[in-house]
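Load the model in a viewer and keep a selection prompt at hand. The stops below say what to select and what is there.

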Amino acid sequence: MSNGTQEFNYEDIEYLQHGDRSMMLRLCRPAGAGPFPLIVDLHGGAWNEGSMAGCHVRDEVLAGAGFAAAALDFRHGPDRYPTSLQDIHYAIRWLKMNAERYNLDAERVGLSGQSSGGHLAALIAMRPDDDRYSALALNDAGGIDAKVCCAALVWPVINPLSRYRHAHRSLETPESAGWVGRLPEFHDIYWPDEDAMAEGNPMMALVRGETVTTPPALWLQGTPDIVHDYHDPESNQPLKEPERFCELYRSAGGDIDLIRVDYETRELAPAMANLVPFFQRHLG
């Protein structure tokens, strides 16, 4: 296939099974010799909807720039937290283990994720050694880990608890309730309770002062965006969630940039092209 300037190809691959359920990934690679630096890409959908097909535009942009991109399907919805993280953690290790087979560079691996996928990407990047997330054994792994060189967060749900309460507050005011949809229900399906939303929470991990890994990161944010770019009135500080997270991430020793793009065109290729210089800097 071609995006007009760069040839690339797709391959759908089973990376894991849960009983009779196959977990698939869609690997998009440029034409050429390789081995290619790899970006593991996570779809959005409020932890209940979406599939690897939702990464299509982003992954073609990345492949057009010389990267391999692996869009994942993973458990979500009623499988509940932290099953998604377990599948993603396994997939990163599996791809590293099979890097030579698929013409990938196991030493140059990054993460990308959109909305709830951005939340999952942040958790994996920050907690690569978490025993719950690494619970699925990988045969012949030889000590392979799920650490990544960098992570691009595409309007992530960086604070599931504040977003849950933000949605409920909006429902109290009819003129502001139009955006909410099924989000509270989706939170309730995926998260056991509010305590889990606070625990599986990149923002609150930093607020609590957890010891986390802080690889170079990028936050790409559509503007205006009431779903992801809002102020948490319970935070006792004036910043909206993107700026708040970036400030905390830097205080924890991480390097992160925030790029804002127009909301109406945020999912199109020109907006996604903002990820390319970031990955070029950190994956080469």
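**Stop 1: the hairpin**

Select Gly 19, which has a positive phi near 60° in the hairpin of S1 and S2, where two residues lie between the strands. Helices (H or I, at least four residues) and strands (E, at least two) are DSSP runs numbered from the N terminus. The model is predicted: local features need pLDDT of at least 70 and side-chain atom pairs pLDDT 80 or more, while totals for chains, interfaces and linings use all residues. Residues are numbered from 1 along each chain as its sequence is written, and side-chain values use heavy atoms, with hydrogens and water left out.

Extend the selection to strand S1 (residues 8-18) and strand S2 (residues 21-30), which pair in the antiparallel sense over ten bridges. Two strands count as paired if DSSP finds at least two bridges between them. Opposite Phe 8 in S2 is Pro 30.

**Stop 2: the sheet**

Now show the open sheet of eight strands, with mixed pairing and the order S1-S2-S4-S3-S5-S6-S7-S8. S1 and strand S8 (256-262) are at the edges with a single partner strand each, so one side of each has no neighbour in the sheet. On average, neighbouring strands are turned by 20° against each other, direction ignored. Axes here are lines fitted to C-alpha atoms, for helices over the stretch in contact, and angles run from 0 to 180 degrees between N-to-C directions.

Select S3 and strand S4 (residues 68-72): they pair in the parallel sense over five bridges. Ile 39 has Ala 69 in S4 as its bridge partner. Next, add helix H2 (residues 83-97), which packs on the sheet and touches S1, S2, S3, S4 and strand S5 (104-114), with its direction at about 120° to that of S1. H10 also packs on the sheet, touching S3, S5, S6, S7 and S8, and its direction makes about 165° with that of S6. Contact means heavy atoms within 4.5 Å.

**Stop 3: salt bridges**

A salt bridge is a side-chain nitrogen of Lys or Arg within 4 Å of a carboxyl oxygen of Asp or Glu; the count by this rule is 23. Select Arg 58 and Asp 41, a salt bridge whose closest N and O atoms are 2.9 Å apart. Arg 58 is in helix H1 (residues 56-64) and Asp 41 in strand S3 (residues 36-42), 17 residues apart. Are they buried or exposed? Arg 58 is buried at 2% relative accessible area, and Asp 41 is buried at 0%. Buried means under 20%, exposed over 50%, and partly exposed in between (1.4 Å probe, protein chains only).

Move to Arg 127 and Glu 199, which form a salt bridge at 3.0 Å, N to O. Arg 127 is in the loop between helix H3 (116-126) and strand S6 (150-154) and Glu 199 is in helix H6 (residues 194-199), so the pair ties together parts 72 residues apart in sequence. Arg 127 is buried (8%), whereas Glu 199 is partly exposed (25%). Widen the selection to the salt-bridge network that links Arg 127, Asp 130, Arg 132, Glu 199, Arg 208 and Glu 210.

**Stop 4: two helices**

Select helix H4 (residues 160-171) and helix H5 (residues 183-190), whose axes come within 9 Å and cross at roughly 145°. Among the residues making the contact are Tyr 164 and His 168 of H4 and Leu 183 and His 187 of H5.
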